[in-house]
Amino acid sequence: MPAQLRLAELAAKERRRVVGLMSGTSADGIDAVLVDLWGCGDSTRYEILSFNTTPLPSDLRREVFALFAEDASLDALCRINFALGEAFATAALAAAEQAKLSPESIDLIGSHGQTVRHLPASGATLQIGEPAVIAARTGAVTIADFRAADMAVGGEGAPLVPLVDHLLFAGHEGRLLLNIGGIANITALPPNADASAVRAFDLGPGNMLIDAAVAQCTGGREHFDRGGARAARGRVDEALLAELMRHSFLQREPPKSTGREEFGEPFLAEILRRGTWSDDDLIATLTAFTVQSIAEGIRRFCPGEFAKLWVGGGGVHNPRIMAGLQHALPDIAVNSLADLGVDPDAREALSFAVLANETLMGRTGNIPAVTRAQRPVVLGKIALPGPVVSG
C-alpha cells in the first residue's frame, strides 16, 4: 500500500489504537501505554487499555549509561540505537499482549526514545531507539524524534508534554501538573485558557541526583531511594542545601530545559568534592534540594491562583518528596495524578501517544511560548513498516 494511502486511512479512522513509549533520564525501563484515541486537538479523547514498564536488561542499561560520558564511542552509539529499537518494540508488543490484543491491532506508535544528549544552548539534542526497527518488528506506523523539529525553529525541544496537558487536563479550574522523573518539570494551566497561555518549564533535578547518590553509596546494588527510607534516616545539611539552591539554572527565567548534562553524575562528583557526609545525610540533603527547587520554581515562575498540584513520575512514590512539597507549598493541595484518573507513571508515555496522533493528523505539537520556538511546527519523523518480522 502506498505510504500516503496508509497514513490517510489511519487518519480517517474514527478511533486509533496507539502505543506511547517513553524511556526517561534514569534509563531503567521503557514505559508503554496502549490507548484508544479518537479526535485530535481540543476534541482528543482517550481510553487507556494497558500500561507496563519493561525493565532494560542490565547490560544494555550499562551501555546506555556509557553513552552519557563525554568520550562515548560512536560505534557504541550506533549499536545501542538499534538495540534500543528492539527493546522499544518489545515493550510495545508487551502492551498489546497485556491488553489481550494482537500486534496487528496497533495502528500507531509514538516513541520518545532515550535521550543521550540534550544541549539546548547549542540547539542540539539526540534521542535514540531506532524507529525503523520499532516499525519493522511491530508492523505499526511509528513516529519518533519529536524534539528535533522544535529545535530546528529555535526552540529548546522541551518540554513537549505541556500541549498534551492542555488537551487532556485543561478546564474551568487552574491546575499545576508536575512530573518528577530524572528532571522535574511543571505545566501551569490557567483556568479556561487556550494553549498560548500555558506556562511550562524544567524546574531542576527530580530523582536524578538522588538516584545517582544511592547507586554510588551502594556500589550499584540499588538505584533509587525506595520509599524515601534513606532520606528519612538522614539529616539535611542546611549549608550544602543553601549552596545548591544558588545554582544558576534555578535562577533563570523560563522558557528553560535541562538534563543530565547539568545535573548528572559529574555534578554529584562536584558536590562530593566539597565535603564528607554520611550516605543517608547526603541523600536527605539531595532530596531536600529536589523539593526546594521545585517549590521555589513554582512560587517564582507560576503566577496565578492554583489550588492544586497534581504529581506524576517516579517521585510520586517517594513519601519524603511528597510530604516535603506539601510542607513547602502549604496553600496548594499536593495530589497524585492518579486522582485525575491517570496512572502517574503513565503520563509521559500517554503524552507521546497523543503527540503521535497530532502528527498523524497534520497538527502542530509544540507551544512556542514554552519551548522558545519561533513558530508552531508538526513534530516527529514517520517510519513505515514492511512485513512484520519476529523479534
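Over the face of which residue does lysine 256 lie? That would be phenylalanine 249, with lysine 256 at 4.6 Å from the ring centre. (A charge sits over a ring if NZ of Lys or CZ of Arg is within 6 Å of the ring centre and within 35 degrees of the ring normal.) Arginine 15 does likewise over the face of tryptophan 38, at 3.8 Å from the ring centre.

Before going on, some ground rules. What you have here is a predicted model, where local features need pLDDT of at least 70 and side-chain atom pairs count only at pLDDT 80 or more, while totals for chains, interfaces and linings use all residues. Residues are numbered from 1 along each chain as its sequence is written, and side-chain values use heavy atoms, with hydrogens and water left out.

**Aromatic rings**

Back to phenylalanine 249. The structure holds five aromatic pairs (ring centres of Phe, Tyr or Trp, the last by its six-membered ring, within 6.5 Å; planes under 30 degrees apart are stacked, over 60 edge-to-face, the rest tilted). In one of them, the rings of phenylalanine 249 and phenylalanine 263 have centres 6.0 Å apart and planes at 80°, so this pair is edge-to-face. It ties together distant parts of the chain, with phenylalanine 249 in helix 10 and phenylalanine 263 in helix 11, 14 residues apart. (Helices, H or I with at least four residues, and strands, E with at least two, are DSSP runs numbered from the N terminus.) Both phenylalanines, 249 and 263, are buried, meaning under 20% relative accessible area, with exposed being over 50% and partly exposed in between (1.4 Å probe, protein chains only). Ring pairs also bring in Phe267, making a cluster of Phe249, Phe263 and Phe267.

**Unusual backbone spots**

Most residues other than glycine have a negative phi, and most peptide bonds are trans. Here are some spots that go the other way.

| Site | Backbone value | Loop location |
|---|---|---|
| Alanine 158 to proline 159 | cis, omega near -5° | proline 159: between helix 5 (147–152) and helix 6 (161–169) |
| Proline 254 to proline 255 | cis, omega near 0° | proline 255: between helix 10 (248–251) and helix 11 (260–263) |
| Lysine 100 | phi near 60° | between helix 3 (74–98) and strand 4 (108–119) |
| Aspartate 145 | phi about 55° | between strand 6 (141–144) and helix 5 |

Lysine 100 is exposed, at a relative accessible area of 75%, whereas aspartate 145 is partly exposed at 22%. Leaving aside neighbours within four places in sequence, aspartate 145 is in contact (heavy atoms within 4.5 Å) with Ser111, Gln127, Gly380 and Lys381. With lysine 381, a side-chain polar contact of 2.6 Å is made. (That takes a pair of N or O atoms within 3.5 Å; within protein, one must be able to donate a hydrogen and the other to accept it, and residues adjacent in sequence count only if both atoms are side-chain atoms.)

**An open sheet**

Five strands make up an open sheet, ordered 9-8-7-10-11, with mixed pairing. Strand 9 (199–205) and strand 11 (333–336) sit at the edges with a single partner strand each, so one side of each has no neighbour in the sheet. From one strand to the next, the twist averages 25°. Strands pair if DSSP finds at least two bridges between them; strand 7 (residues 175–180) and strand 8 (residues 183–189) run antiparallel and are joined by six. One of the bridge partnerships is between asparagine 179 and asparagine 185 in strand 8.

Helix 14 (residues 319–328) lies across strand 7, strand 10 (308–312) and strand 11, running at about 155° to strand 11. (Axes are lines fitted to C-alpha atoms, for helices over the stretch in contact, and angles run from 0 to 180 degrees between N-to-C directions.)
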